[in-house]
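Colleague: I have a structure here and some questions about its sheet and its cysteines. Can we go through them one at a time?

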Amino acid sequence: APRRAAASPPLRGVVFVPDLAEVERGFVPSGVGHYPRQFYAEAAAVIAPLLPPPAARVGLARRRSEGSLRALTAAFAAACACIAYSACAPPRRLLAPEGSRVVGVGFGRSGTNSLKQALNRLGFVTYHADQITYRQMLRWAEAERARVNGTALRKEAAADDAADAVIRAGYTATTDFPAANAYRAFLRRWPRARVVWTARDPRHWAESFVSTLGRALPVLRAWPFSFVPEAATSTEYCYRGAGIRLDAAGRPVSAAQAARAMQSRAAEIRRAVPRGRLLELDVAHPDAWGRLCAFLEVPRADCPVGEPFPRSWLTSRRNLELVARAGELLTGALSACPCA
């Protein structure tokens, strides 16, 4: 997209659209997989017709002429990519029986990233929040609108549409929000799939969720992150669709209510899934590998029991709290900026 000249006066209400060429050159750090490049390419294609005239369209760029706030936005986006997105390793040979599928139904911050890495290690191709593309985001946003205003038939159709998009992309397992909220749609398509609930003490989980992911929605609603249509709506599906109540600003009303929502979903899963097809897995359990492999019928000789179960420092509570705080500071500063 054309950039305005350095001498031009500040533009009010500018919509910042990441330039795909900048992404290709490494604006989003390399090593974080295909997701950021694909996401921004799709987002730019969808948003472009909705933008002001070309003169008012600028790409996120690290140029002095664009000002320090724009550079700060770029740095923050890069930091989010480093912390939030996992590298996309080539698929491994499937160690479970051919045709195996896994539906992860646990809440984000309960060990879903660890489960994703473990399933990928066993040869699955796992869909996690890290892997959402822009067009999939639009489907999850539609699932939220259907959840709020739709009939039962429309709710089911919207969830089915989102699940179909994931399956068409080649995934053989799911974990984390938003897919966990559409677990029934995935089970309709994979009727013999195994189901994994990532178990964590509800009180400890809620405290972690409220201080990390629970702070995301107000940031997504604010400029410049609001340039992505429906990002906030799809995030609402992740939280409200799990029974987590939000206040007017988009924050969880309380850790206690979030903990109750987790307990309610756990009870729902136990009622909906036959005992033999459900594994309640604590990723911190010393024999987590053994339990997961036995559940998925991975031969003991192929099970990596000698390896530590995956734990990612990138998604640690401390790091996510730092990202949330940075987002709050950035959007707060930009809201007071005359160029915003």
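Modeller: Let's start with the sheet. This is a predicted model. Five strands make an open sheet, and their pairing is parallel. The order is β4-β5-β3-β6-β7.

Colleague: Which are the edge strands?

Modeller: An edge strand pairs on one side only. Two strands do that, at residues 126–127 and 278–281. They are β4 and β7.

Colleague: Over how many bridges do β6 and β7 pair?

Modeller: Strand β6 covers residues 194–198 and runs parallel to β7. Within this pair, Thr198 stands opposite Leu281. The number of bridges is four.

Colleague: Which helix packs on the sheet at about 170 degrees to β7?

Modeller: Helix α11 (residues 255–272) lies across β6 and β7, but its angle of about 160 degrees is to β6. Another helix, residues 288–295, also touches β6 and β7. Its direction makes about 170 degrees with that of β7. That is α12.

Colleague: Which residue does the disulfide join to Cys293?

Modeller: The structure holds one disulfide. Its S to S distance is 2.2 Å, inside the 2.5 Å cut-off. Cys293 sits in helix α12, and its partner lies 10 residues away in the loop between α12 and α13. The partner is Cys303.

Colleague: Are Cys293 and Cys303 buried or exposed?

Modeller: Their link is right-handed, with 85 degrees about the S-S bond. For burial, the cut-off is under 20% relative accessible area. Both Cys293 and Cys303 count as buried.

Colleague: Why does Cys238 count as buried?

Modeller: The limit is again under 20%. Cys238 is buried because its relative accessible area is 11%.

How values were computed. Residues numbered from 1 in each chain as written. Predicted model: local features only at pLDDT ≥ 70, side-chain atom pairs only at ≥ 80, totals over all residues. Heavy atoms only, no water. Pairing = 2+ DSSP bridges. Contact = heavy atoms within 4.5 Å. Axes fitted to C-alpha atoms, helices over the stretch in contact; angles between N-to-C directions. Buried < 20%, exposed > 50% of the residue type's maximum accessible area, 1.4 Å probe, protein only.
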